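Trainee: I'm new to this one, could you walk me through it?
Mentor: Gladly, let's look at it together.
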Amino acid sequence: MSQGPRSGLSAVSAALLAMSRHLEVRDVLKTIVASARELLDAQYAALGVPDDHGGFAQFVVDGVTDAQWKAIGPLPRQHGILAAMLREAKVERLADVRTDPRFEGWPSAHPDMSDFLGLPIRDGDEVIGALFLANKNCEKPEGGCGFTAEEEELLSILAQHAAIALTNARLYERSRELTIAEERSRLAHELHDAVSQKLFSLRLTAQAAAALVDRDPSRAKGELQQVAVLAAEAIDELRAAVVELRPAALDEDGLLATLRTQVQVLDRAHTARVTFAAAGFRALPAAQEEALLRVAQEALHNALRHSGAGHVDVTVNRRGGGAVLRVTDDGSGFDPHLTRRAGRHLGLVSMRDRASGVGGTLTVESAPGKGTTIEMEVPGG
């Protein structure tokens, strides 16, 4: 076998390995595009996932800067060559895309493209994407395309495996959504059993107090004191139900994948931007990972519900043989000392208890108008 084919197959193998490392759809799309552009040595590559309304649900590019992409404007529609690839499900290899009768132009900020190689990504009979490259980095034959038939074959192999990777990523995200739905259902059932009776008693006691206010203020005062006791017990029951409910995803996927999924859900559900990053983390004993997750959840709840933050950042990094969790927001902040004296702990007591329970430490940095950083460090197992 010649050196060229060996190099091509080696590059395809590297691209397939890169795709297999990712489970999130967006990451898979970006890896496919970057791998295709590198494999065929093109200036530009893109992959569009069509929606059902004539546009693209997702569109990923490589070789275009963020500034260029912003200047180009809205996502393209399914028209011209892109529509042909989606509709006819066949490869398009063109010497100059601009001279093709189906070409319908592009925005003024769009980079100029000439030779073009595009093909559909198929899952069985369904076209789930359109992958294309433009401007081969080579000397083009006069009137011909820089992309060769051999490169078309390599890209077709990549596209077949890209379909598998993309389908797997979609299934993974769907399974995560189902896990979250199951967890919510289980939590609702747990809360109902643990708290509903307590709340019912609280309601009856409050009604009795209201009926006694005018004719027997002394007894009414006693009933109101009982209301306070029942309310405190209900809060304790609620906290216990939430605390003891270990997420199924944590057992299956570990801390990082569970946190990443929860951050993505919160990012979609709130106006604040919620981000997650991790570096060098190694799996820890189950008790430590659960403690880190619970502290992260409590800190996220505080930041999103009470601080008015526009951005909340969650990071998990290796520190020695253990790990450090940091949840930082740009919200209103508070004085931790005044908060403690006022009895409004914002969950700080439970977070500190969780940290100390696994041999860790918890620190809080905050000031009015300065945002808040919750940091929890745990030792290695």
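Mentor: We should begin with pLDDT, which is the predictor's confidence in each residue, from 0 to 100. This is a predicted model, in which local features need pLDDT of at least 70 and side-chain atom pairs count only at pLDDT 80 or more, while totals for chains, interfaces and linings use all residues. Residues are numbered from 1 along each chain as its sequence is written, and side-chain values use heavy atoms, with hydrogens and water left out.
Trainee: What does the pLDDT of the protein chain average?
Mentor: The average is 81, and 81% of the residues score at least 70. Over residues 1–6, however, the pLDDT is below 50, and beyond near neighbours in sequence this stretch has two contacts (heavy atoms within 4.5 Å) in the model.
Trainee: Switching to helix α10, which residues are buried there?
Mentor: In α10, which spans residues 348–357, the buried ones (under 20% relative accessible area, with a 1.4 Å probe and protein chains only) are L348, M351 and A355. They lie on the same side of α10, because they cover an arc of only 65 degrees around the axis.
Trainee: And what do the buried residues of α10 pack against?
Mentor: They pack against α8 (286–306), β9 (361–366) and β10 (372–378).
Trainee: How do the axes of α8 and α10 cross?
Mentor: The two axes come within 9 Å and cross at roughly 165 degrees, which makes α8 roughly antiparallel to α10 (angles over 145 degrees count as such).
Trainee: Which residues meet there?
Mentor: From α8, A291, R294, V295, E298, A299 and N302 meet S350, M351 and R354 of α10.
Trainee: What comes just after α10?
Mentor: G359 does, and G359 takes a positive phi of about 75 degrees.

Methods: Buried means under 20% relative accessible area, exposed over 50%, partly exposed in between (1.4 Å probe, protein chains only). Helices (H or I, at least four residues) and strands (E, at least two) are DSSP runs, numbered from the N terminus. The arc is that of the directions from the helix axis to the C-beta atoms. Axes are lines fitted to C-alpha atoms, for helices over the stretch in contact, and angles run from 0 to 180 degrees between N-to-C directions. Angles under 35 degrees count as roughly parallel, over 145 as roughly antiparallel, 65 to 115 as roughly perpendicular and the rest as oblique.
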